[in-house]
Amino acid sequence: MKFFIDTANLDQIKEAQDLGILDGVTTNPSLMAKEGITGKQNILDHYKKICNIVDGDVSAEVIATDYKGMVNEGKELSSLHKQIVVKVPMIKEGIKATRYFSNNGIRTNVTLVFSAGQALLAAKAGANYVSPFIGRLDDISTDGLGLISEIRLIYDNYGFTTEILAASIRHTMHIIDCSKIGADVITAPLKSILGLLKHPLTDIGLENFLKDYKKGN
Ligand code: G3P
């Protein structure tokens, strides 16, 4: 299972990288704006900075919504760095662009996926990753994790190699549940990843070990 961090914050990316468990980064225009990164050149420079921190894949999202615009933007993004994966929205033009990228050796992550049918189309178009947004489904009283299970079943039925990248992760239990279902990748905020570390018995146990060590020294 791959761990991606879902942020454009360089300090958090470095912290996750230093932990030694990071396989990649996902960003989106909202996450860039949150860090105050605006304007095309600043955004492109920021992608390069992220690629220089991590070893794995870095998703960079196209802004165009027409086929030609997406293809041009995707080519520009992928030429920035070999780690860049072009993030394409799950719309009709996006599927056409995904097929173009797949035929031309440019890796893709189809984003804003909210149904099994959309995930099936993304795989058919040759996407490398598909990003179902589980938290946003939970927000509207729909079963986000159930969608991951459906996509897993469909992809396994036909041997699709598109990796299921569970996105819009809101808490640590989402990560654990996705690992049980068999998501290939999770992308989560640093806080949710660090939540996996925590158990009160670990803290109490360590405190006692250190106390007992001091008794004899
Ligand atoms: O990167 C896409 C996705 O993870 C966004 O999450 O929390 O805005 O629904 P969220």
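Here are two short exercises on a predicted model, each with a worked solution. Residues are numbered from 1 along each chain as its sequence is written, and local features need pLDDT of at least 70.

**Exercise 1.** In which order do the eight strands close into a barrel, and what stands opposite Val130 in strand 7?

*Solution.* Start with the terms: strands are DSSP runs of E with at least two residues, and helices are runs of H or I with at least four, both numbered from the N terminus. Two strands pair if DSSP finds at least two bridges between them.

Step 1: follow the pairing round the barrel, which gives 1-2-3-4-5-6-7-8, with parallel pairing. From one strand to the next, the twist averages 30°, where axes are lines fitted to C-alpha atoms and angles run from 0 to 180 degrees between N-to-C directions.

Step 2: look at strand 6 (residues 129-132) and strand 7 (residues 163-166), which run parallel and are joined by two bridges. Here Val130 faces Ile164.

**Exercise 2.** How many residues line the second largest pocket, and which helix gives the most to its lining?

*Solution.* On a 1 Å grid over the protein atoms alone, a pocket is an open set of points where a 1.4 Å probe fits, with protein on both sides within 12 Å along at least five of seven lines; lining residues have an atom within 4 Å of a point.

Step 1: count the lining, which comes to 14 residues, with Lys40, Ile43, Glu61, Ile63 and Glu73 nearest the centre.

Step 2: sort by helix. Helix 2, helix 3 (40-53) and helix 4 each supply at least two residues, and helix 3 leads with four.

Conventions:
This is a predicted model: local features need pLDDT of at least 70, side-chain atom pairs count only at pLDDT 80 or more; totals for chains, interfaces and linings use all residues. Side-chain values use heavy atoms; hydrogens and water are left out.
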